[in-house]
Amino acid sequence: MKSGTTWMQELAWLLLNNLDFDKANKSHTVRRCPYIEHSVIRNNLHVDSISVCDQMQDNPRFIKSHLPAQLLPRQIWENKRKIIYVARNPKDVVISSFYFLTKLNLWQGNMDDYIDEFITDRIYYASYWSHVLDFYRMRNESNVFFVTFEEMKQDLKDVIERLSRFLDCKVLSEMEINMLVKHLSFDQMKENQFNNPTALIRTAFEAKEDFNFMRRGIVGSYKDELSSEQISKLDRWTQEYLQEYGLNESDIFGNIK
């Protein structure tokens, strides 16, 4: 979670729906792309999110999940359904998820406590590295599109073109790509009530007044939001986990500037 899912949802939905910006600006992203495990993690939800997915009339259906590979419906693997996986560097995920959960009163404590729980797999959707690595190691499978938040920030046009090919969509003109880039800019999405679910979430939860679903939308926010000790702790955890696989963080996310 908090790795660019909503950003990717909007991009992929538009590609699958012939760049229907009119509809995209009249209906919420989170409703065009249902969240399959939503009613499982929210006991007071008045709809069955799995039934919502079953009843979708869209072809193809476009469904969101934060579940790790082993918990996804087995039919996804048996039928080789296309999977788009967005990963984000762990330190920025820590920052973003901390504010998301604390502002929604779903977690309480300070940043040091949160980091301790994050690296010991006691936060929603943990273990972080197990989750990411399962899909990273499947990145060359024909039905898996693995991309990082960092790639999307660095060269969104390239991601748009690659994703369009992956989804077997039409070849986009330069003008259409530019329209997508503009629509998908952080500032524009943050201001668009149908892309930014802040108001919806505030209504659904007893959120704090300063809750914002979209905060900064940058790469490397941890650099001015975490202490040097906190950064070192997370880096040691990452290094220890990845050395078993012969990987460095930069192999997955590049050099974060």
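Visitor: Where does UniProt place the feature "domain: Sulfotransferase"?
Guide: This is a predicted model, where local features need pLDDT of at least 70, side-chain atom pairs count only at pLDDT 80 or more, and totals for chains, interfaces and linings use all residues. Residues are numbered from 1 along each chain as its sequence is written, and side-chain values use heavy atoms, leaving out hydrogens and water. UniProt positions follow the numbering used here, with shortened feature names, and annotations may be inferred rather than shown by experiment. The record, an unreviewed entry, puts this domain at residues 2-245.

Visitor: How many helices and strands does the chain have?
Guide: Helices (H or I, at least four residues) and strands (E, at least two) are DSSP runs, numbered from the N terminus. Residues 2-245 are 50% helix and 4% strand. The secondary structure of the whole chain comes to 16 helices and 2 strands.

Visitor: Is Phe21 buried or exposed?
Guide: Phe21 lies in helix H2, residues 21-24. Buried means under 20% relative accessible area, exposed over 50% and partly exposed in between, with a 1.4 Å probe and protein chains only. Phe21 has 14% relative accessibility, so this residue counts as buried.

Visitor: Which residues is Phe21 in contact with, leaving aside its neighbours within four places in sequence?
Guide: Contact means heavy atoms within 4.5 Å. Met179 is 158 residues from Phe21 along the chain, yet their C-alpha atoms are separated by 9.3 Å. Met179 is one of the contacts of Phe21, and the full list is Leu14, Met179, Leu180 and His183.
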